[in-house]
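Student: I'm new to this one and would like a close look at a single part. Please take me slowly through the pairing of charged side chains and the surroundings of those pairs.

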Amino acid sequence: VLERFVSQNENAASSPNFASQTSDPLGGVVMLLSVAQMDETLLLLVLKTLKILSRKYDNRVRLGGLICDDLVAVLEANASGDPAVAAEAANVVLNICYEKENVVRIMTAGGVSPLLRLLDRPEPDLRANAAGAIQSICFQREGRIAVREEGAIPALLPLLSADSLRVQTRAVGAIHNLSSEAEAIRAIRKLRGVAPLVALLRAPSASVCGSAAGALQNLSREMQARQEIHELGAVLPLVDLLLGDDVQSQVCAAGALLNVLGPSLGPEEGKNPKRAALKKLLSLGLTVGMLHGSLRGGPDGVGDG
């Protein structure tokens, strides 16, 4: 039964379960999670089933109070064990932690530490899934604080230069979320994280560029980081993103440019013509970029992502 369900639904784009958006009975698979750890084949199927089920909001809400302790136990048992099992467990964490209550449950159960240990594993898919789970946890302020205090920043920063695009994407997304806290900004700068973020502004992935620009927008609120961003030559690639056709990248690039260039133009006040001119230029850049993107779109206006 599990094999058939996973086979039919593992691809989210073609999953009939996800398309239905109705809630599902969870008791059987929840019970199996608590007993399946003695059989890795069964455990892997249970985790894949939970990953599929947890794509839906109603299922995520109900699953949080039922599986977090057992899920963290699986992560702990496989932090240096089966990479496929650990990767699927991290995927379940990623999904259920879209809900704030589940972030707290995972943290309370001790789930942050094994996820961070997975970042040191050599398997790219496992590292990407663990970084994605951390990114999901860090969307909530409580999660950001806990993850930072557990030492996530020095564990994530080396992954910004990983060979795997999936690892890069998830790692820079997690750094973007973490960088909204002042303590994390200082830590990222002190751990020499500014340069790899600037380098990612030229990445071939719009998602990576957008997250890197967003992180630099946050970092540029601090004077020392702002100076380093400027000295590393981030202005030109940020301008390129501003004139591109990815909306997230454009918005983050505009914010970063305003933070980096704005202080040199005098105080923030209505009568400051230099600041007003910069804002007008950034607004014009956003407009031109969006127009350019609409002209490049396909005949039906839908991308292929």
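Tutor: Let's start with the term itself: a salt bridge is a side-chain nitrogen of Lys or Arg within 4 Å of a carboxyl oxygen of Asp or Glu. By that rule, there are 14 salt bridges in the structure. Keep in mind that this is a predicted model, where local features need pLDDT of at least 70 and side-chain atom pairs need 80 or more, while totals for chains, interfaces and linings use all residues. Residues are numbered from 1 along each chain as its sequence is written, and side-chain values use heavy atoms, with hydrogens and water left out.

How far can you lean on it? The average pLDDT (the predictor's confidence in each residue, from 0 to 100) is 88 for the protein, and 86% of the residues score at least 70. Residues 291–305 are a stretch where pLDDT stays under 50.

Now find Arg60 and Glu99, whose side chains form a salt bridge at 2.9 Å, N to O. This pair joins distant parts of the chain, 39 residues apart: Arg60 belongs to helix 5 (residues 57–77), and Glu99 to the loop between helix 6 and helix 7. (Helices are DSSP runs of H or I, at least four residues, numbered from the N terminus.) Arg60 and Glu99 are both buried, where buried means under 20% relative accessible area, exposed over 50%, and partly exposed in between, with a 1.4 Å probe and protein chains only.

Next, go to Lys100, which has a salt bridge with Glu142, their closest N and O atoms being 3.4 Å apart. Again, distant parts of the chain are linked: Lys100 is in helix 7 and Glu142 in helix 10, 42 residues apart. Lys100 counts as partly exposed because its relative accessible area is 41%, and Glu142 is partly exposed too, at 32%.

Right after Glu142 comes Gly143, also in helix 10. With 0% relative accessibility, Gly143 is buried. From its C-alpha to that of Lys100 is 8.9 Å, although the two residues are 43 apart along the chain. Leaving out residues up to four places away in sequence, Gly143 is in contact (heavy atoms within 4.5 Å) with Val103, Met107, Ile137 and Cys138.

One step on is Arg144, whose side chain meets that of Glu181 in a salt bridge of 3.1 Å, N to O. Arg144 lies in helix 10 and Glu181 in the loop between helix 12 and helix 13 (182–190), so this pair ties together parts 37 residues apart in sequence. Arg144 is buried at 14% relative accessibility, and Glu181 is buried at 10%. There's also a network: salt bridges with shared partners join Glu10, Lys48, Lys51 and Glu88.

Ile137, one of the residues touching Gly143, leads us to helix 9 (124–137) and its surroundings. Ile137 is among the buried residues of helix 9, as are Leu126, Asn129 and Ile134. In total, 10 of the 14 residues of helix 9 are buried, so the rest of the structure largely encloses this helix. Helix 10 (141–149) is among the elements covering those buried residues, and so are helix 6 (83–96), helix 7 (100–108) and helix 12 (165–178).

Just ahead of helix 9, another arginine is worth a stop: Arg121, in the loop between helix 8 (112–118) and helix 9. Arg121 counts as buried because its relative accessibility is 11%. A polar atom of its side chain lies 2.8 Å from the backbone oxygen of Gly81. Beyond four places in sequence, Arg121 has contacts that include Asn78, Asp82, Leu126 and Arg127.

Lastly, what about disulfides, meaning pairs of cysteine sulfur atoms within 2.5 Å? The structure has zero of them. Cys68, for instance, is in no disulfide, and its nearest cysteine sulfur, that of Cys97, is 6.7 Å away. Cys68 is buried, given its 4% relative accessibility.

Technical notes. Helix = DSSP H or I, 4+ residues; strand = E, 2+ residues; numbered from the N terminus. Polar contact = N/O pair within 3.5 Å; in protein donor to acceptor, adjacent residues only side chain to side chain. Disulfide = S-S within 2.5 Å.
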